[in-house]
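Work through the exercises below with the coordinates open. Each task is followed by a stepwise solution.

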Amino acid sequence: MKKNNIEGWLFVSPLVIWISLIILVPIYIAFELSLFNVKIIGTTGKFIGIDNYIKIFGKSKFLNASLNSLYWIIGNAICQTFFAFTIALTINYKFPGKKIMANWIILSFIIPTVVVVVIWKLMLSSSSGVINSVLIDIGLLNEATGFFSSPNKAFISLILINSWRWSPFLALIILSGLNSINREMYDASKVDGANFIQQFLFITFPNLKNVLFVLGLVGTLLSFNIFDIIWLITKGGPSNATTTLPLLIYETAFTKFRISQAATLSIITSFLLLLFSIIFIKSMAPKEDD
Amino acid sequence: MIKENNIKLLFLSVSLLLIILIFFFPFFWIITSSFKSPEEIIATSTTIIPRSFTLEHYNKILFNSDFFIYLKNSLIVSFSSMIISIILSVSAAYGLHKLKFYGNKFVEYSLLVTYAFPGVILLVPIYLLFAKVNLLNSYFALIIVNVLFATPFAVWMLKAFFKLIPNEIEEAAYIDGASRYIVISKIIIPLAAPGIASVAIFCFIISWTEYLFASILISGDHLKTLPVGLAGIVGQYQIDWGFLLSGAVLASLPVILLFVFIGKYFVSGLTEGAVK
Amino acid sequence: MNKVILFIFTILFSISSYAATNVTFWHMEGVPHRVDRIQTLIDEFNSANPDINVTQEVQNWGEIYAKAPASVAAGTAPEILVGIPDFTPILADMGAAQPVEDFVAELDSKYGFYQKALDQYTYNGHTWAVPLWNMGLSLWYRKSDFEAAGIEPPKTWSDLKKAAKALTKDGVYGIGLPGNKQLYTDQTIYSFMVNSGAEEIYNSDGTLRFDNPETVAAYDVYKELYQYSAPDAANWTWGEAEACFASKGCAMILQFTVISTYDSQAGGDASDLGVIQIPYANGKAHRAGTVSYVNSAMIMTDDEAKMEASKKFLSFLMEPGNYGRFINMEPGLFLPITEAGSKDSTYWDDPVVVKYKSQVETMLDNSTRGSLFGFTNGNTFTSISSISAQNLLAQTLQLTLIDDKSPKDAVSEGMEIMTEAIE
């Protein structure tokens with residue numbers, strides 16, 4: 001196909017300009033701030049060059065938050081992949097009520113995050129939460145447990161809550177990928193005697209490559225960015241166990257009042273995510289089939 | 001063969017049960033709880049089937065709070081964000097898909113990489129920027145941000161839908177002398193309509209659920225969106241669970257109602273349209 | 001025709017409102033009936049003062065720490081901002097909050113502020129905000145529980161430990177204490193510190209004296225009591241503690257008030273609801289006190305006319321006859337901050353206050369003896385904001401509750417964190 005440089009750019013430029021303005025100008029402002037030692041936003045500070053960058057790498061808080069973010073991404077990836085595939089593969093079967101389920105599974109994704117928080121705070125409460133009382137009734141627990149009381153429990157609970165929110169949406173995307181797979185491939189493989197695990201590994205999975213590539217990239221970035229669910233439930237606690245990088249940035253800016261340090265963290269974080277994206281795209285991008 | 005079918009059946013029933021428990025039961029519980037008396041909600045002996053029934057929480061929220069103002073704001077912001085997002089992303093997706101141009105791949109990946117800049121990072125700079133251009137406390141401030149969050153993924157989804165339209169149809173139209181504009185408005189958009197509809201709903205949801213920016217960029221009560229309004233009507237020192245639960249239900253209700261009517265298009269548009 | 005009249009009215013109205021001085025009032029009391037009460041007062045004020053136009057804008061506590069400084073930076077700050085003491089130093093440092101000592105002195109001579117109220121806003125040679133109302137932690141319990149267990153309400157820490165143990169039984173936690181890294185936990189742990197004589201965080205030269213045996217003693221007793229608290233207390237804020245008490249899941253809690261929840265969600269038997277002063281360390285009866293939070297209004301404009309208008313509005317709120325109605329926007333939660341205010345009949349006339357009169361009197365009495373970390377005896381430095389905004393008292397507590405360090409090690413590590421924070 002011949003190139004349509006001018007027309008092509010004409011079509012993409014409104015969006016490209018919109019997004020660049022709203023991202024690049026703020027990033028520039030943040031970069032400028034990171035070279036000063038401004039504490040409270042709106043006050044002035046001294047130019048200190050790259051001092052902020054040097055200092056941050058020595059901070060245990062930064063390391064701790066980076067690790068938390070890493071665990072957060074991995075935990076969410078595992079959990080959401082599991083949930084999303086379970087949902088997608090289940091809905092792909094024929095069963096009574098399939099339509100209703102397919103239409104409404106998305107419920108947890110369409111409600112405001114604030115509502116997600118309300119639901120799970122009450123469900124997981126140790127005094128009046130339904131989960132504790134059911135677990136006690138069926139004998140899995142002896143007494144009520146606090147789902148956010150220890151670092152590990154809080155972290156896992158948050159991953160589950162976040163996955164609860166996102167998995168159904170991912171499932172629908174995967175489902176659309178599944179639907180695009182040629183039925184005949186399954187039939188042919190059956191003739192060859194493949195069982196359904198083999199079908200999954202050799203037909204389903206490879207054919208979802210394109211979908212999985214984008215979900216892998218965008219999903220990772222979006223999970224990384226999750227702020228409100230964590231902030232509204234644990235505020236990063238207990239003992240900073242759920243302080244991921246976005247929370248650390250927010251805290252540094254608005255509870256520690258070190259806006260320049262927060263800006264520095266922001267720039268470093270963006271850089272790391274960009275690096276990740278580039279590597280991910282370079283190594284995983286599927287060949288275009290057109 | 002029989003054995004395999006049994007395994008499938010087992011998988012199906014176990015996963016169905018899990019899905020219903022995990023993804024549907026919470027809604028049942030929250031909705032029923034919002035009609036319980038305050039005593040029953042906080043009682044240490046939790047009830048799954050409610051023992052009491054009251055409308056007091058709904059009364060309070062519907063008639064004593066600014067619920068309808070928040071609702072109006074959320075609708076305005078979400079609809080406008082949706083429409084702008086769709087216009088921008090249909091155009092961009094078409095450009096990316098049909099018009100090979102210099103930098104095509106770069107733009108495509110850059111769009112996805114937009115998500116590499118966490119909202120928290122942009123929060124303060126955007127506040128300062130919007131203050132300079134006098135955009136704080138306006139619907140447009142929220143719309144600008146929502147479009148930013150919705151479009152990158154929307155473009156990717158749309159591109160997949162456009163791919164499904166055979167090139168031949170379009171080329172035939174050009175041979176008949178149709179202009180680019182005619183082709184897009186008379187062929188591409190109608191053919192990709194189910195897909196566009198689901199992407200539109202996606203954009204709507206992204207705006208509907210946004211909290212962080214809405215809470216910072218807006219300070220007047222008359223402009224608050226539902227999530228922010230809901231977070232605010234709860235006092236700092238007390239939790240009125242009944243109030244909060246009925247608020248949660250009401251804040252979700254509009255999107256749920258929307259879904260009653262268009263949900264099946266969203267899902268079928270998304271799944272049968274085959275994102276690939 | 002109608003349209004023309006409407007048009008003329010619109011013009012006239014916009015001219016007149018243009019001439020009026022606009023005052024924006026930011027506060028964080030978003031519960032609908034509180035907003036309504038404030039609006040009632042604003043309407044009265046506006047109609048009595050046609051040259052001033054006050055409007056309220058409700059903010060959320062969750063974001064105000066980010067939003068207020070940002071609004072100052074962007075030049076969109078309100079004229080009046082309600083806040084708590086930890087917040088004021090930040091805005092004073094920014095040059096946003098204006099000194100108001102003359103205005104406060106004037107109000108003081110008329111209505112008589114409780115002295116401790118002014119402590120929380122006086123430093124760097126100025127008073128930075130107008131105290132509006134007070135809140136103080138007390139110990140809440142049910143009298144019938146103590147009778148059933150055959151014990152007296154606790155006065156000292158050892159009484160308290162005994163009571164917590166005795167009241168713990170199947171499905172009931174003896175005492176509900178939070179372990180969250182959050183303001184509520186700051187308040188509860190500090191209320192123990194006050195009662196062991198560790199109320200001073202700073203030395204008079206601005207260095208910290210947090211790491212001392214009295215502080216360690218407070219953290220120690222807290223840790224011991226925490227085992228009787230609910231398992232999810234590590235994630236509690238005020239509301240969860242209150243719900244635990246209201247549902248009889250917790251026998252005792254430390255709370256500003258439980259009255260409205262107790263009344264609406266727990267049967268509301270006023271004669272059974274007990275409230276007392278927070279117990280003190282053995283032998284430290286003379287130290288008996290609590291933590292108190294004086295909420296105040298900062299004036300954020302240096303425009304002469306707007307400043308005068310803001311003062312006029314605040315004077316209006318502080319005036320007996322209005323004042324009682326103002327703080328009764330949430331009856332039984334906000335306590336009077338002036339002598340005159342605590343005699344205001346519009347305060348005591350509220351049905352909820354009438355019903356729980358003895359409890360409210362105890363709360364009020366406790367609150368006048370309340371102090372706040374970092375704002376004691378004139379040893380106040382604006383760096384306290386860094387300690388309180390980050391909830392470092394609570395963070396130190398988590399070092400021992402969650403990470404299981406000894407109270408002594410936790411306090412000394414907490415001191416290091418604080419020292420770094422105030423640099």
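The model is predicted.

**Exercise 1.** Determine which strand of chain C pairs with S8 and in which sense.

Solution.
1. S8(C) pairs with strand S9, residues 250-255 of chain C, in the parallel sense over 3 bridges.
2. One of the bridge partners can be named: C:Ile253 in S9(C) is matched with C:Gly176.

**Exercise 2.** Find what packs on the sheet and which strands are touched.

Solution.
1. Helix H11 of chain C, residues 238-246, packs on the sheet.
2. Helix H11 touches S7 (138-142), S8, S9 and S10 of chain C.
3. The direction of H11 makes about 145 degrees with that of S9(C).

**Exercise 3.** Classify the aromatic pair of C:Trp157 and C:Phe192 and state what the pair ties together.

Solution.
1. The ring centres are 5.9 Å apart and the planes make 55 degrees.
2. Pairs count as edge-to-face over 60 degrees and as stacked under 30, so this kind of angle falls in the remaining class, tilted.
3. C:Trp157 lies in helix H8 (157-167) and C:Phe192 in helix H9 (183-194), so the pair links parts 35 residues apart in sequence.
4. Both C:Trp157 and C:Phe192 are buried.

**Exercise 4.** Do the same for C:Tyr262 and C:Tyr356.

Solution.
1. The centres lie 6.3 Å apart, with 80 degrees between the planes, and the pair is edge-to-face.
2. C:Tyr262 belongs to helix H12 (259-265) and C:Tyr356 to the loop between H16 and H17 of chain C, so the pair ties together parts 94 residues apart in sequence.
3. C:Tyr262 and C:Tyr356 are both buried.

Technical notes:
Residues numbered from 1 in each chain as written. Chains lettered and ligands numbered in written order. Predicted model: local features only at pLDDT ≥ 70, side-chain atom pairs only at ≥ 80, totals over all residues. Heavy atoms only, no water. Pairing = 2+ DSSP bridges. Helix = DSSP H or I, 4+ residues; strand = E, 2+ residues; numbered from the N terminus. Contact = heavy atoms within 4.5 Å. Axes fitted to C-alpha atoms, helices over the stretch in contact; angles between N-to-C directions. Phe/Tyr/Trp six-rings, centres within 6.5 Å; stacked < 30°, edge-to-face > 60°. Buried < 20%, exposed > 50% of the residue type's maximum accessible area, 1.4 Å probe, protein only.
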